[in-house]
Amino acid sequence: MLPDLGAQIEKWGLRDAGFGYNIVSVFGSQSTGKSTLLNRLFGTTFDVMDETKRQQTTKGIWMCRGKDMNVMVMDVEGTDGRERGEDQDFERKSALFSLASSEILIVNLWEHQVGLYQGANMGLLKTVFEVNINLFGKKATDGTTGRTLLLFVIRDHIGQTPMANLQATLTADLNRIWESLSKPAELKDTQLSNYFDLAFTALPHKILAADKFESEVQNLRTRFVDKNSPDYLFKPAYHKRIPADGVAFYMEGIWEQVQTNKDLDLPTQQELLAQFRCDEISAVALSEFNEQAKSQKRPVEAGKVVDGLGAMMKDWRTAALTRYDRDASRYHKGVYSRKRADLVSSVDTTLSPLYLGQLKNLHKSCLVAFKKEMLDGMKGEGYSFADVVAKARERCEGTFSAAAKEATIEDTDWSWEEELALLQEEVGVVADQCRKDETKKMVNQIETSIKKQLAEPVELHLNCPTAQMWDKILQAFRDVLGKAESAYLSKAASEYPP
């Protein structure tokens with residue numbers, strides 16, 4: 001098509017039209033009457049389908065001049081064509097080419113296709129939008145190219161669903177697609193409205209309401225031909241500002257960029273379907289999972305240690321992945337695996353705060369239990385401080401480790417060793433403080449014992465003074481102090497090790 005386009009434009013008498021021309025193209029599923037619509041709107045002569053055979057007629061990209069109007073009309077091969085099957089590289093390229101080169105892209109679809117991802121060609125539109133913004137996005141924002149009008153023509157509209165509702169559904173779908181695009185960093189905040197205007201119209205059934213169909217088509221035609229019409233569609237903002245004698249060269253440049261862009265070779269139609277269905281299946285599984293996880297969020301946030309939390313989290317996680325695997329594994333394996341990894345990431349991101357919260361709560365409860373066991377163990381007489389500390393520490397760390405292991409999900413990178421180390425450090429601080437208190441208590445007891453043991457000999461010698469009195473008192477002091485010192489060192493070494 002492209003090598004002969006320059007000669008064809010000259011043959012149409014448009015070579016010297018300057019900016020006084022327009023370009024429109026049509027996009028939509030195979031056998032939705034695109035060629036028929038173009039012929040009615042612009043007086044073109046594109047081949048149309050035999051209603052009794054239901055076979056593809058438009059193969060490739062064809063261009064005609066509108067009858068008695070300076071409009072170049074492109075008829076693009078229908079999407080989802082069974083003749084091409086899964087080889088839809090050309091489909092994506094032709095769609096992007098028509099989007100990038102046209103002022104108005106007519107999106108032709110049946111009323112019952114509205115809201116359906118594949119029927120309304122949303123998957124293909126997403127791919128085309130994404131590549132369009134990467135290839136031509138900067139030009140659109142710097143003003144070197146015009147905006148594009150996406151005109152949705154809803155066929156066989158019987159009126160049961162109000163036009164406003166159909167319009168709202170399509171607009172929401174397009175905005176959702178736009179938000180999910182992988183955009184260059186410098187264009188990440190751009191909106192669909194930065195590049196495209198949206199317009200919507202409906203046509204009744206071509207056969208069952210033939211007269212009304214013809215009437216509505218003529219009304220729509222007026223919007224393309226009558227510049228005085230308030231609904232005139234070829235607004236200056238959509239013109240690419242390429243003189244007519246440069247259109248062929250301009251389109252060749254676009255086609256070359258489209259042809260060499262590797263991103264268009266990524267998703268086949270099978271993959272696009274898999275992406276949509278796997279996203280849907282994942283969303284359902286994730287929704288059920290989130291409801292389950294929500295039940296334990298408040299207790300954990302309130303500081304409670306939830307018994308059996310690990311088992312619950314494993315059950316929720318397994319149920320979500322099992323549901324996903326059951327329904328999504330039949331789709332494209334690469335997409336299925338990629339979306340499964342995304343689901344696992346989302347699930348683990350939700351579970352991780354519960355797990356970390358459980359560890360924090362375990363830490364606090366085990367430390368409280370350790371303190372209580374220490375204090376209870378030091379009540380009364382005859383206890384061994386070292387034994388009390390060792391038993392309380394062992395029980396504290398054992399309780400924490402067992403509960404932390406129970407809460408840990410195996411095929412994650414979760415770890416509780418760091419939290420255990422913090423607990424051990426705090427246990428050590430508590431034990432050290434108790435040790436200081438016990439040591440002070442022991443010293444006080446020894447001081448009291450020394451005073452009691454010295455009172456009698458001192459009193460005895462003072463009552464019967466002799467020349468050796470002070471020597472005997474000093475010797476008694478040394479004996480009592482030596483025994484007390486020996487007892488302190490022995491007890492400190494065994495009961496209060498450093």
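**Close-up views of a predicted model**

**View 1. Helix α2 against the sheet.** Helix α2 (residues 34–42; helices are DSSP runs of H or I with at least four residues, strands are runs of E with at least two, numbered from the N terminus) lies across β1, β3 (71–76), β4 and β5 (148–155). Its direction is at about 170° to β3 (axes are lines fitted to C-alpha atoms, for helices over the stretch in contact, with angles from 0 to 180 degrees between N-to-C directions; contact means heavy atoms within 4.5 Å). This is a predicted model, in which local features need pLDDT of at least 70 and side-chain atom pairs pLDDT 80 or more, while totals for chains, interfaces and linings use all residues. Residues are numbered from 1 along each chain as its sequence is written, and side-chain values use heavy atoms, without hydrogens and water.

**View 2. The open six-stranded sheet.** The strand order is β2-β3-β1-β4-β5-β6, with mixed pairing (strands pair if DSSP finds at least two bridges between them). Strands β2 (61–65) and β6 (196–202) form the edges, each pairing on one side only.

**View 3. Pairing of β1 with β4.** Strands β1 (residues 22–28) and β4 (residues 104–110) run parallel over five bridges. F27 has V107 of β4 as its bridge partner.

**View 4. The largest nonpolar core.** This core (buried Ala, Val, Leu, Ile, Met, Phe, Trp, Tyr and Cys residues joined through side-chain atoms within 4.5 Å; buried means under 20% relative accessible area with a 1.4 Å probe, protein chains only) has 50 residues. Helix α10 gives the largest share, 14 residues.

**View 5. Surroundings of F400.** Beyond residues up to four places away in sequence, F400 touches L359, L362, H363, C366, W416, E419, L420 and L423.
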